Amino acid sequence: QLGLANILLEDFSPSLQNLSSSKGKELQRFSQSPKIQEFKNFVSRNLHVLLATPTLALQQAVNEPGVSLVSKAALNLVQESPYPMIYWMNKDDKADPCKMLLSHPGDSVTATAVSRDGALIATGFQSCVVRLYDIATGNEIHSYIGHSGPITSLCFVGEQALCSASRDSTLSLWNIKEGHRLAVMKG
C-alpha cells in the first residue's frame, strides 16, 4: 500500500559499493545462493499480489510447488497462524517459469522486447507510452512519451537504442540511457 514493493526486489541485489573485497565477495556469494534466488523469483513473480493485496502473499507462498523452499517456509508459518488458508491440492510440482508480471491498471500491454543481454525489457502500451524495466529488479528505468497512437512493435537497436512503432504511423528511436528520443520517422 505504501508503494515499496518494487524496492523489495532491490534488497535481493545488494550494492557492493563501500565494502571490502572479501565482504563484497561474501555478500555476492550469499545473494547468488539458490535459496535466496528462489525467494527473489517468488517475490518477482508475485509482485502484483504484493502491490494490490499484500495480505495474499502468504496464501501465494503456501500454494507454491510443494518442493520449494518458499512453500515449506510458508507452511511452517501457517501452522502457527490463526488465519484460514486455501490449499491447492493438485498443484504442479514445477516452478512457474514466469520472471515478472507487467501491469498498469487501466492500460494494456501491446508490445514487448527483451534486450540481447536479457537485462532489460521494453513494453509498449495502449496508452501510447513505452516503458523500460530492469528485469533483475522489476524497476522501471524510463518512460518514453511521444507517440499519439498505441504502440504496435518494439525492438532494441544495439545496446544504446530502442525503436518503437505506433498506430500513428511513426517509428521512434529512443536513447536507452538518457531516456530521450533520438529520431522520428513518419510513414
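Here are legends for a few close-up views of this predicted model.

**View 1. Two cysteines, C155 and C163, that are not joined by a disulfide.**
Let's start with the sulfurs. A disulfide is a covalent bond between the sulfur atoms of two cysteines. Searching the whole structure turns up 0 disulfides. For C155, the nearest cysteine sulfur belongs to C163 and is 4.8 Å away. Looking from the other end, C163 has the sulfur of C155 as its nearest cysteine sulfur, again at 4.8 Å. To count as a disulfide, the two sulfur atoms would have to be within 2.5 Å, so the pair at 4.8 Å is not one.

**View 2. How C155 and C163 sit relative to the surface.**
Stay with these cysteines for a moment. C155 has a relative accessibility of 39%, so it counts as partly exposed. C163, on the other hand, is buried, and its relative accessible area is 15%.

**View 3. An open sheet built from 4 strands.**
Follow the strands across and you get the order β1-β2-β3-β4, with antiparallel pairing. At the edges are β1, covering 109–114, and β4, covering 140–145, and each of these pairs on one side only. Going from one strand to the next, the twist averages 20°.

**View 4. Strand β1 alongside strand β2.**
Here's one side of that sheet, up close. Strand β2 takes in residues 120–125, and 5 bridges join it to β1. The two strands run antiparallel. For a landmark, find V109, which stands opposite F125 in β2.

**View 5. The hairpin formed by β3 and β4.**
Strand β3 spans residues 129–134 and is joined to β4 by 5 bridges, with the two running antiparallel. One pair to look for is V130 and its bridge partner in β4, Y144. Between the two strands of the hairpin lie 5 residues. In that turn you'll find G138, which has a positive phi of about 80°.

**View 6. T170 and its surroundings.**
Now for a single residue in another strand. T170 belongs to β7, which covers residues 170–175. Is T170 buried or exposed? T170 is buried, with a relative accessible area of 11%. Its side chain makes a polar contact of 2.6 Å with the side chain of D168. Leaving aside residues up to four places away in sequence, T170 touches H147, S164, A165, V184, M185 and K186.

Technical notes
Residues numbered from 1 in each chain as written. Predicted model: local features only at pLDDT ≥ 70, side-chain atom pairs only at ≥ 80, totals over all residues. Heavy atoms only, no water. Buried < 20%, exposed > 50% of the residue type's maximum accessible area, 1.4 Å probe, protein only. Pairing = 2+ DSSP bridges. Axes fitted to C-alpha atoms, helices over the stretch in contact; angles between N-to-C directions. Polar contact = N/O pair within 3.5 Å; in protein donor to acceptor, adjacent residues only side chain to side chain. Contact = heavy atoms within 4.5 Å.
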